[in-house]
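Welcome to this short tour. Have your viewer ready, and we will go from the whole chain down to a single helix.

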Amino acid sequence: MNKQKLKDFLDERVLRYETPDFIEQDPVSVPHRFSGKADREIMGFFAATLAWGQRKTIIRNCLKLAEGMDMAPADFIRNHEEGDRSRFLGFVHRTFNDTDLLYFLEFLQHHYRQQDSLETAFSGGGAFSSVEDSLVHFHRAFFSLPYAPERTRKHVATPERKSACKRLNMFLRWMVRPADKGVDFGLWKTIPRDALICPLDTHVHRVTLGLGMIARKQADWQTALELTRFLKELDPEDPVRYDYALFSLGVHEKY
């Protein structure tokens, strides 16, 4: 398939899948249940963090977290007392457990008591340079508090460990890309959408290898960059919009 035919093929799939119907059974449906900016950031961050395994289970466990926060995530994060975290004891989603969750709550409270948005944890308040630098900065900021559990580090990826950072790139896509299609939110302005990196999971990796869009066999950071460079040839201004088509080809169409 030549590049123009591939672009036409993927453009058609974007139109089919980048719709509110697409999100009904997707983790992004969780932050869509809220209207406040900080509420959407917090629940989007949890939804992205837990986004592995069956999607029904991901959504169910995210809603369990929201219910534990009285369906008011931003208010709970900013104002809860340490003892209130006991309601989350016993929480588990695959290898993410209550030790990890309690630290997530501690970091988020620390951050939101100083800042209005989680965006600054990625930008550090400075000028944007690259998503890679933003992810590295976020990882260092996230684990900057005393007594951060070593085991929790596996749940927050960083390019410094060569990870593809699929879940964080997905979270950034939700926060940065415009809301006009009813899927993403367009809440953040410091990261330009043409700088986003395509989320790379096993489905997207398999599909893009099969379509000849990438050559690397490892699903790592360098492969995510390779894929994004290819997508920029199809749409320089918004390369990550093809994420919907690629993911859905792998999941819905078993391409």
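Start with the protein chain in cartoon view and follow it along the sequence: the pattern reads α-α-α-α-α-β-β-α-α-α-α-α-α-α. That gives 12 helices and 2 strands. The radius of gyration of the protein chain is 18 Å, close to the 18 Å from the globule rule for 255 residues, so the chain is as compact as a globular protein of that length. Keep in mind that this is a predicted model.

Next, turn the C-alpha trace along its principal axes, where the protein chain spans about 60 × 35 × 30 Å. Switch on contacts between residues at least 6 apart in sequence: 66% of these join residues at least 24 apart.

Now show the surface. The accessible surface of the protein chain is about 11500 Å², with 48% of it belonging to carbon and sulfur atoms. Of the 255 residues, 56% are buried. Colour by charge as well: the 37 positive and 36 negative charges have mean positions 5 Å apart.

For the close-up, select helix α10, residues 202–210. Which residues of α10 are buried? They are Val204, His205, Val207 and Thr208. Add α11 (221–234) and α12 (243–251) to the selection, since both are among the elements that cover the buried residues of α10.

Finish at the two ends of this helix. At the N-terminal end of α10, Asp201 acts as a cap, with a side-chain oxygen 3.1 Å from the backbone nitrogen of His203. Just after α10, select Gly212, which takes a positive phi of about 75°.

Key:
Residues numbered from 1 in each chain as written. Predicted model: local features only at pLDDT ≥ 70, side-chain atom pairs only at ≥ 80, totals over all residues. Heavy atoms only, no water. Helix = DSSP H or I, 4+ residues; strand = E, 2+ residues; numbered from the N terminus. Rg over C-alpha atoms; globule rule 2.2 N^0.38 Å. Buried < 20%, exposed > 50% of the residue type's maximum accessible area, 1.4 Å probe, protein only. Contact = heavy atoms within 4.5 Å. Areas by Shrake-Rupley, 256 points an atom, 1.4 Å probe, with all protein chains shown as cover. Lys, Arg positive; Asp, Glu negative; His and termini not counted. Charge placed at Lys NZ, Arg CZ, Asp CG, Glu CD. Polar contact = N/O pair within 3.5 Å; in protein donor to acceptor, adjacent residues only side chain to side chain.
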